[in-house]
Amino acid sequence: MKPSPFAYAKARSVAHAIDLLANEDARLLAGGQSLIATLNMRLSAPRVLIDLNGIGALDAIALKDGMVEIGALVRHAQAERSVELAQHAPLIAKALPHIGHPAIRNRGTIGGSVAFADPAAELPACLLALGGEVAISGPRGARNVKADDFFKDLFETALTPRDVLTAVRVPAANADGRTGFAEFARRHGDYAMAGLAACARADGKGLKDVRLAYFGVGATALRARNAETALAGGDVDAAVQALDRDLDPPDDVQATGAVKKHLAGVLLRRVARQLMEPRS
Ligand SMILES: Cc1cc2nc3c(=O)[nH]c(=O)nc-3n(C[C@H](O)[C@H](O)[C@H](O)COP(=O)(O)OP(=O)(O)OC[C@H]3O[C@@H](n4cnc5c(N)ncnc54)[C@H](O)[C@@H]3O)c2cc1C
């Protein structure tokens, strides 16, 4: 199918993009890897597409004040090759190769993935596990929203229709930091049936500050808070049992909720082992 007709405007700057968003029924275009598919299937028919791709200031990865800042227009492939990300945000580096295929990662952007907020996407869960934040610019200025408050419901975030996501920030890894990542997909590159991004800090032979963010098991990426407490207490079996209270996955085209819950437990055991490895 072909998309409904739309007008096209190229934004020169973030401020220009925000001005253009005043047009009725306008939509931002980043990598186009999700948006163009929805237009072609006529699931969405905006009147105007505002192309962010010419805004050079949004395509950098930088270490600032103990945070890794990733510009909204950083492509997945660019992030995958980044030495800074591998060193300072290893959880994101682990997750990136699971996103689609190289052709998709060449165009898809970090900002697009987080703004789109697909419940089965890897990066929203990483952002949540790391306790990161989202930088947003809108008609009333700039603001930062914590990842815990950003993902609201199915494909719904703290972004309003007049906002541009400009960057995401995550705390830079330090010596006692631990991360873990695992997902089940039918084929490598498919959206996950269930996945888990996690981080913690080493505490003697155990862990503290455990954050477990699941994806593919609900309307948004979501934290398993009871399992976090049990894992910080050193009891993996109790953590797996606690998932009964944390997760209630709905059936979807990939699997039943019961299968997803079982997979969530298997993922937790795998990720718990990763978290115990030094410098993981
Ligand atoms: C075959 C296939 C397989 C895929 N597999 C995966 C996968 O396994 N995991 C995964 O996570 N993703 C997967 N994707 C999606 C891919 O990661 C997309 O790139 C991503 O979801 C959207 O990023 P984008 O830059 O392409 O955004 P676009 O498609 O351009 O935009 C997506 C949405 O976000 C909005 N948006 C984009 N940028 C901004 C911004 N800066 N501020 C505010 N709103 C913005 C747009 O208006 C639009 O509504 C797959 C895609 C395809 C085609």
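Let us begin with I70. Leaving out residues up to four places away in sequence, I70 touches A60, I61, L85, I92, I110, A167 and V168. I should say at once that this is a predicted model, and that everything I describe today is computed from it.

I70 belongs to a wider group. The largest nonpolar core has 41 residues, and I70, L85, I92, V114 and F150 are the members that touch the most others. The element that gives the most to this core is helix α8, residues 122–129, with 6 residues. There is also a second, separate core of 28 residues, including A194, L196, A224 and L275. As general background, nonpolar side chains in soluble globular proteins tend to be buried together.

I turn now to the charged side chains. The count of salt bridges comes to 18, and I shall present three of them.

The first joins K64 and E69, whose side chains meet with N and O 3.2 Å apart. How accessible is each partner, K64 and E69? K64 is partly exposed, with a relative accessible area of 43%. E69, on the other hand, has 17% relative accessibility; it counts as buried because the limit for that class is under 20%.

The second salt bridge is between R143 and D163, with the closest N and O atoms 2.8 Å apart. This pair links distant parts of the chain, the two residues being 20 residues apart. R143 sits in strand β7, residues 141–146, while D163 sits in the loop between β9 (156–157) and β10 (164–171). Here R143 is partly exposed, at 32% relative accessible area, and D163 is buried, at 7%.

In the third, K260 meets D252, with an N to O distance of 2.8 Å. Which of these partners is buried, and which is partly exposed? K260 is buried, with a relative accessible area of 1%, whereas D252 is partly exposed at 38%.

Let me return to K64 and E69 for a moment. Both take part in a network of salt bridges that also links E133, K146 and R169.

E133 deserves a closer look. This residue lies in strand β6, residues 133–138, and is buried, with a relative accessible area of 14%. The side chain of E133 makes a polar contact of 2.7 Å with the side chain of R169. Apart from neighbours within four places in sequence, E133 is in contact with M67, L127, N144, V145, K146, A147, A167, V168 and R169. Two of the names in that list, A167 and V168, have already been mentioned as residues that I70 touches.

Next, the ligand. How many residues surround the ligand, and which are the closest? There are 29 residues around it, and L28, G32, L35, T109 and E122 are the closest. Backbone atoms also approach the ligand. A polar backbone atom of A30 is 2.8 Å from an oxygen atom of the ligand, and a backbone N or O atom of G31 likewise lies 2.8 Å from a ligand oxygen. For L165, a backbone N or O atom lies 2.9 Å from a nitrogen atom of the ligand. On its own, the ligand has 970 Å² of accessible area, and the protein covers 87% of that.

I shall finish with two further residues, N40 and R186.

N40 lies in helix α2, residues 35–40. This residue is partly exposed, with a relative accessible area of 27%. Setting aside neighbours within four places in sequence, N40 is in contact with M1, K2 and P3. A147, which we met as a contact of E133, is 107 residues from N40 in sequence and 30 Å from N40 in space, C-alpha to C-alpha.

R186 is placed in the loop between β11 (177–184) and β12 (194–203). Is R186 buried or exposed? With a relative accessible area of 57%, R186 is exposed, because that class begins over 50%. Beyond neighbours within four places in sequence, R186 is in contact with M193 and Q254. With Q254 there is a polar approach: a polar atom of the R186 side chain lies 2.5 Å from the backbone oxygen of Q254. Finally, R186 and L128 are 58 residues apart along the chain, and their C-alpha atoms are separated by 24 Å.

Technical notes: Residues numbered from 1 in each chain as written. Predicted model: local features only at pLDDT ≥ 70, side-chain atom pairs only at ≥ 80, totals over all residues. Heavy atoms only, no water. Core = buried A, V, L, I, M, F, W, Y, C linked by side-chain atoms within 4.5 Å. Buried < 20%, exposed > 50% of the residue type's maximum accessible area, 1.4 Å probe, protein only. Helix = DSSP H or I, 4+ residues; strand = E, 2+ residues; numbered from the N terminus. Contact = heavy atoms within 4.5 Å. Salt bridge = Lys/Arg side-chain N within 4 Å of Asp/Glu carboxyl O. Near = heavy atom within 4 Å. Polar contact = N/O pair within 3.5 Å; in protein donor to acceptor, adjacent residues only side chain to side chain. Areas by Shrake-Rupley, 256 points an atom, 1.4 Å probe, with all protein chains shown as cover.
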